[in-house]
Amino acid sequence: MAKDWTGNSNSIFKTLGASNHTEKERQNEDYYATDPKAAEWLLKLEKFSDNIWECACGEGHLSRVFELNGYNVKSTDLIDRGYGEGSLDFLAIDNMEWNGDIITNPPYKYAKEFIEKALQIIPEGNKIAMFLKIQFLESKGRKNLFITHPPKTVYVSCSRLLCAKNAEFNKNDKGGGAVSYAWYIWEKGFKGTTELKWFN
Ligand SMILES: C[S@@+](CC[C@H](N)C(=O)[O-])C[C@H]1O[C@@H](n2cnc3c(N)ncnc32)[C@H](O)[C@@H]1O
């Protein structure tokens with residue numbers, strides 16, 4: 001059992017589902033919280049460096065799992081959702097290098113921009129892991145990204161993992177359970193053929 005912020009024993013899932021933010025605040029900026037199981041799976045699939053930046057952390061559904069597994073986690077978000085540091089626009093970051101890996105489920109409408117920004121700020125050989133819909137593989141707009149920066153591996157989830165609007169995992173959210181997701185892994189500098197694997 002993990003401990004929540006108040007020190008009580010609790011499941012990660014239950015702890016992170018709780019929030020005292022208003023509905024309006026939480027709906028802002030494409031907020032879908034990821035089932036922490038997705039992060040647990042990722043750590044079984046890939047090795048990461050000690051420092052992880054969850055740059056769109058929401059309420060910490062992914063960050064918390066990385067922390068519990070011993071990583072140094074920097075958690076930031078554009079919106080202050082009560083976890084990590086708020087008011088940090090990842091896309092506005094300029095002139096910095098992050099000496100670690102970057103892992104998130106980004107706002108879907110800016111996913112390409114998040115990947116491009118992450119590629120700019122990590123050193124060669126470091127990794128980016130993005131939890132994205134399978135459909136992210138298609139579209140003319142992303143073709144150039146995939147040709148210039150092919151992901152090293154795409155791990156498709158065989159069973160559905162839920163991303164819950166406003167972290168309301170208890171609601172039967174049709175927008176979550178109906179969507180197929182994958183972990184997309186970039187290793188900066190990789191120019192080979194993308195490997196496709198399955199998990200879950
Ligand atoms: C799909 S939610 C995922 C939340 C969290 N990563 C998770 O997996 O539970 C996307 C998050 O991106 C944040 N966001 C949107 N635009 C952003 C930006 N420009 N910089 C940083 N965070 C942003 C939203 O506030 C939201 O919390």
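# Exercises on a predicted model

Cys163 sits in strand E9, which spans residues 163–165. The structure is a predicted model, and the exercises below start from this cysteine and move outward to the ligand shell, the sheet and the cores.

## Exercise 1

**Task.** Determine whether Cys163 is buried or exposed, and state how far Cys163 lies from Asn105 in sequence and in space.

**Solution.** Step one is the neighbour count: Cys163 has 24 C-beta neighbours inside 10 Å. Step two sets that count against the cut-off, under which a residue with 20 or more such neighbours is buried, and therefore Cys163 counts as buried. Step three turns to Asn105, which is 58 residues away from Cys163 in sequence, while the C-alpha atoms of the two are 9.4 Å apart.

## Exercise 2

**Task.** Describe the surroundings of the ligand: how many residues make up its shell, and which element gives the largest share?

**Solution.** Counting comes first, and the shell around the ligand holds 22 residues, of which Thr34, Ala56, Gly58, Leu78 and Asn105 are the closest. Sorting these by class then gives 13 nonpolar, 5 polar and 4 charged residues. Finally, sorting by element shows that strand E3 (residues 32–34) supplies the largest share, with 3 residues.

## Exercise 3

**Task.** Work out the sense in which strand E8 pairs with strand E10 and with strand E11, and name bridge partners for each pair.

**Solution.** Taking E10 first, strand E8 (residues 153–157) runs antiparallel to strand E10 (residues 181–187), with 4 bridges between them, and in this pair Val156 is opposite Ala182 of E10. Turning to E11, the pairing of E8 with strand E11 (residues 195–199) is parallel and has 5 bridges. Here Ser157 faces Phe199 of E11, and Tyr155 has Lys197 of E11 as its bridge partner. A last step looks at burial: E11 is hardly covered, since 0 of its 5 residues are buried.

## Exercise 4

**Task.** Explain why the buried residues of helix H5 can be said to line one face, and identify what they pack against.

**Solution.** The buried residues of helix H5 (residues 111–121) are Ala111, Phe114, Ile115, Lys117, Ala118 and Ile121. Viewed down the axis of H5, these buried residues stay within an arc of 165 degrees, so they line one face of the helix. The elements against which they pack are E6, strand E7 (127–133), helix H6 (140–148) and E10.

## Exercise 5

**Task.** Characterise the largest nonpolar core: how many residues does it have, and which elements contribute to it?

**Solution.** The size is settled first, for the largest nonpolar core has 37 residues, and those with the most contacts inside it are Ile128, Met130, Leu132, Trp183 and Tyr184. Two or more residues of this core come from each of helix H3 (36–45), strand E4 (51–54), helix H4 (63–68), E6, H5, E7 and E10. Among these, E10 gives the most, with 6 residues. A closer view of one member follows: apart from residues up to four places away in sequence, Ile128 touches Asp101, Ile102, Ile115, Ala118, Leu119, Ile122 and Trp186. Separate from this core is a second one of 6 residues, which includes Tyr31, Tyr32, Ala33 and Ala167. As general background, nonpolar side chains in soluble globular proteins tend to be buried together.

## Exercise 6

**Task.** Which burial class does Glu85 fall into, and what does Glu85 contact beyond its neighbours in sequence?

**Solution.** To place the residue, Glu85 belongs to the loop between strand E5 (72–75) and strand E6 (101–104). Glu85 counts as exposed because it has 11 C-beta neighbours inside 10 Å. When neighbours within four places in sequence are set aside, Glu85 is in contact with Ser75 and Thr76, and its C-alpha atom is 8.4 Å from that of Lys74, a residue 11 positions away in sequence.

## Exercise 7

**Task.** Compare the settings of Ser139 and Asn200, two residues with positive phi that are not glycine.

**Solution.** Beginning with the torsion angles, phi is about 95 degrees in Ser139 and near 65 degrees in Asn200. As for position, Ser139 is in the loop between E7 and H6, whereas Asn200 is in the segment after E11. Burial completes the comparison: Ser139 is exposed, having 11 other C-beta atoms within 10 Å, while Asn200, with 16 C-beta neighbours inside 10 Å, counts as partly exposed.

Key. Residues numbered from 1 in each chain as written. Predicted model: local features only at pLDDT ≥ 70, side-chain atom pairs only at ≥ 80, totals over all residues. Near = placed C-beta within 6 Å. Nonpolar A, V, L, I, M, F, W, Y, C, P; charged D, E, K, R; others polar. Buried ≥ 20, exposed ≤ 12 C-beta atoms within 10 Å, placed from the backbone. Contact = placed C-beta atoms within 7 Å. Pairing = 2+ DSSP bridges. Arc of directions from axis to C-beta. Core = buried A, V, L, I, M, F, W, Y, C linked by C-beta atoms within 7 Å.
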